[in-house]
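Thanks for sharing this one with me. Here are my notes, set out as numbered points so that you can follow them with the structure open.

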Amino acid sequence: MTHWGWYWKIKKQHIPRTLCSTLVSIDSFKLLQNNNTTSGFTVTPLNIRATIKDDHLQVTYGKRKEISYSITIDKLTCNFGGFRYFFRCPLCKQRMRLLYFAQNSIFLCRKCLNLGYVSQRLRSNLRYDYMSSKVKEIVKKKGGSLDQYKKPPQMHLNSFKQLQDKQYSYKTSLIRP
């Protein structure tokens with residue numbers, strides 16, 4: 001089986017997607033946690049200000065002439081009480097957790113901006129290695145180790161075993177020819 005990377009680089013002059021991790025983003029879960037409906041945020045170098053109104057986020061930008069638009073906030077009830085908040089993308093009106101800052105001073109979803117993830121750029125063998133390291137990081141952040149089979153103190157045994165199985169499946173995928 002041949003690799004088609006040379007074709008896209010040489011023949012088509014392929015331009016890869018911009019990565020989500022390189023752009024400024026707003027997260028509805030972090031912004032609106034604990035019913036924090038009175039605050040907002042400011043992006044200083046870009047001169048963008050946002051305040052939370054009743055059911056929308058009012059975004060204002062511009063130095064000489066101020067231009068503003070609103071992003072609708074959806075409130076979704078959870079099964080065991082409480083709420084989860086999502087943004088509606090101003091362009092496609094889909095419910096999204098994250099909105100990314102576009103070049104024209106507007107926040108849009110990753111589908112409208114045609115953004116990609118790091119793992120989408122990797123070949124399969126590198127992708128499995130990358131995902132395996134992500135699983136190791138999750139356990140390490142909580143105080144455990146997958147290499148020494150040490151379960152983190154606040155993690156359920158079933159969750160730890162699921163992460164072990166996931167990492168094992170990534171490792172076995174790497175070994176296959």
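Which residues are exposed on the other side of α4? I come to that in the first point; please keep in mind throughout that this is a predicted model.

1. Let me start with helix α4. It covers residues 124-141, 18 residues in total, and spans 26 Å between its first and last C-alpha, close to the 26 Å expected at 1.5 Å a residue. Its buried residues are Ser 132, Val 135 and Val 139. Viewed down the helix axis, these buried residues lie within an arc of 60°, so they line one face of α4. That brings us to the opening question: Lys 140 and Lys 141 are the exposed residues on the other side of α4.

2. Have a look, too, at what follows this helix. Gly 143, just after α4, adopts a positive phi of about 100°.

3. Now the sheet. Three strands make up an open sheet, ordered β2-β9-β10, with antiparallel pairing. Its edge strands are β2 (25-27) and β10 (107-108), each of which pairs on one side only. As a reminder, strands of a sheet pair through backbone hydrogen bonds, either parallel or antiparallel.

4. For a closer check of that sheet, follow β2 to its neighbour. β2 pairs with β9 (residues 98-101) in the antiparallel sense, over three bridges. You can use Ser 25 as a landmark: its bridge partner in β9 is Tyr 100.

5. The cysteines deserve a careful look. The structure holds zero disulfides. Cys 92 takes part in none, and its nearest cysteine sulfur belongs to Cys 112, 3.5 Å away. Because a disulfide needs the two sulfur atoms within 2.5 Å, that pair does not count as one. Cys 109 is likewise in no disulfide; here the nearest cysteine sulfur is again that of Cys 112, at 3.4 Å.

6. How exposed or buried are Cys 92 and Cys 109? Cys 92 is partly exposed, with a relative accessible area of 33%, whereas Cys 109 is buried, at 0%.

7. Finally, the overall picture. The protein chain contains five helices and 11 strands. Of its 177 residues, 29% count as buried. The chain exposes about 13,300 Å², and carbon and sulfur atoms supply 51% of that area. Among contacts with a separation of 6 or more, 35% are between residues 24 or more positions apart.

Notes
Residues are numbered from 1 along each chain as its sequence is written. This is a predicted model: local features need pLDDT of at least 70, side-chain atom pairs count only at pLDDT 80 or more; totals for chains, interfaces and linings use all residues. Side-chain values use heavy atoms; hydrogens and water are left out. Helices (H or I, at least four residues) and strands (E, at least two) are DSSP runs, numbered from the N terminus. Buried means under 20% relative accessible area, exposed over 50%, partly exposed in between (1.4 Å probe, protein chains only). Contact means heavy atoms within 4.5 Å. Accessible areas come from the Shrake-Rupley method with a 1.4 Å probe; for residues, only the protein chains shown count as cover. Two strands pair if DSSP finds at least two bridges between them. The expected span of a helix is 1.5 Å times one less than its number of residues. The arc is that of the directions from the helix axis to the C-beta atoms.
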